[in-house]
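I opened this entry to look up two things: the surroundings of a single residue, and how aromatic rings pair up.

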Amino acid sequence: MSSTKADKKAAGDAASWLFNVVTSVGIILVNKALMATYGYSFATTLTGLHFATTTLLTVVLRWLGYIQPSHLPLPDLLKFVLFANCSIVGMNVSLMWNSVGFYQIAKLSMIPVSCFLEVVLDKVRYSRDTKLSILVVLLGVAVCTVTDVSVNAKGFVAAVIAVWSTALQQYYVHYLQRRYSLGSFNLLGHTAPAQAASLLVVGPFLDYWLTNNRVDAYAYTLTSTLFIVVSCSIAVGTNLSQFICIGRFTAVSFQVLGHMKTILVLILGFIFFGKEGLNLHVVVGMIIAVAGMIWYGNASSKPGGKERRSLSMNGNKAQKHDGLPESTEVDDKV
């Protein structure tokens with residue numbers, strides 16, 4: 001009976017991860033075509049449209065009865081939206097102010113930051129193999145993606161804000177789902193409207209500051225509008241799959257395995273947009289990263305690979321951390 005339950009969980013984990021990979025890679029390729037081919041460079045406004053589309057779907061599903069009523073306290077909602085929007089804005093500004101190489105290094109640093117948050121806030125302990133496997137993944141992706149590296153003061157500040165806000169947002173997804181017993185659609189139903197409203201208000205001004213172009217002055221055509229619609233449609237799946245994966249796993253595992261998407265985007269970019277960037281060090285980096293991901297999956301699933309520690313003084317009862325039950329057993333969300 002336990003093996004059947006484990007098989008079902010493994011199948012659910014694999015399906016969730018495949019859903020996230022397909023939608024994430026798909027939206028990157030669609031947005032790349034939209035921005036590079038059709039000149040739609042309004043990334044923050046486009047993200048606002050993504051969340052507006054997600055909001056519309058959650059409203060329809062709630063009306064149909066597929067989403068049950070749930071509660072998320074306003075302070076927690078506001079903190080989540082603050083982290084999420086700072087992540088989006090910070091990443092866009094970091095990309096503008098930093099070299100591509102330093103931008104990639106900043107993205108890689110999200111894993112150590114996420115580990116730090118789990119160690120401090122959830123009292124998670126990592127085994128030596130789990131730590132080493134994470135380092136191998138970081139090395140492989142760095143070899144693939146990091147080229148020129150130059151740093152300036154304002155770019156460094158933007159990168160720090162982007163990294164910490166992204167790590168906090170992803171940690172908070174897992175935290176809110178556990179604390180308030182919220183499903184992925186329930187949480188999206190609370191957060192997507194607030195993110196859509198705030199980003200659609202701030203987005204056009206931020207995009208004008210970043211690109212010196214106005215979104216209302218863009219020459220919309222049937223094809224570019226179709227790409228925007230496709231991007232928004234895929235984004236619903238991307239937003240949902242992110243919440244599903246972080247809910248089933250953790251923010252650290254989401255980051256580690258998420259670099260598989262980086263590898264896939266590189267491969268598909270070479271296939272669809274030319275092979276001029278494909279060279280030996282990129283291929284070697286891909287192999288190292290994939291090997292690290294396989295090692296991480298194996299190491300973190302072993303007993304002691306990744307576990308929460310009880311700080312109970314009497315050792316008989318598991319303590320709660322911010323209202324969350326903890327145990328000395330290996331966390332099944334790896």
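**Ser-231 and the ring pairs**

I began with the contacts of Ser-231: leaving out residues up to four places away in sequence, Ser-231 touches Ile-27, Val-30, Asn-31, Leu-46 and His-50. I note that the model is a predicted one. I then looked up where Ser-231 sits, and found it in helix α9, which covers residues 222-248.

Is Ser-231 buried or exposed? Its relative accessibility is 0%, so Ser-231 counts as buried, the cut-off for buried being under 20%.

Next I turned to the aromatic rings. How many aromatic pairs are there? The count comes to 12. I looked up Tyr-40 and Phe-42, one of these pairs. Their ring centres are 5.1 Å apart and their planes stand at 85 degrees, so I entered the pair as edge-to-face; the cut-off for that label is over 60 degrees. Both Tyr-40 and Phe-42 are buried.

I also looked up Trp-97 and Trp-209, an edge-to-face pair with 5.6 Å from centre to centre and 90 degrees between the planes. Which parts of the chain does this pair link? Trp-97 belongs to helix α3 (residues 74-97) and Trp-209 to helix α8 (residues 184-211), so the pair links distant parts of the chain, 112 residues apart. Trp-97 has a relative accessible area of 24%, so I wrote it down as partly exposed.

Last, I went back to Tyr-40 and Phe-42. Ring pairs link these two with Tyr-218 and Tyr-220 into a cluster.

How values were computed: Residues are numbered from 1 along each chain as its sequence is written. This is a predicted model: local features need pLDDT of at least 70, side-chain atom pairs count only at pLDDT 80 or more; totals for chains, interfaces and linings use all residues. Side-chain values use heavy atoms; hydrogens and water are left out. Helices (H or I, at least four residues) and strands (E, at least two) are DSSP runs, numbered from the N terminus. Buried means under 20% relative accessible area, exposed over 50%, partly exposed in between (1.4 Å probe, protein chains only). Contact means heavy atoms within 4.5 Å. Rings of Phe, Tyr and Trp (its six-membered ring) pair if their centres lie within 6.5 Å; planes under 30 degrees apart count as stacked, over 60 as edge-to-face and the rest as tilted.
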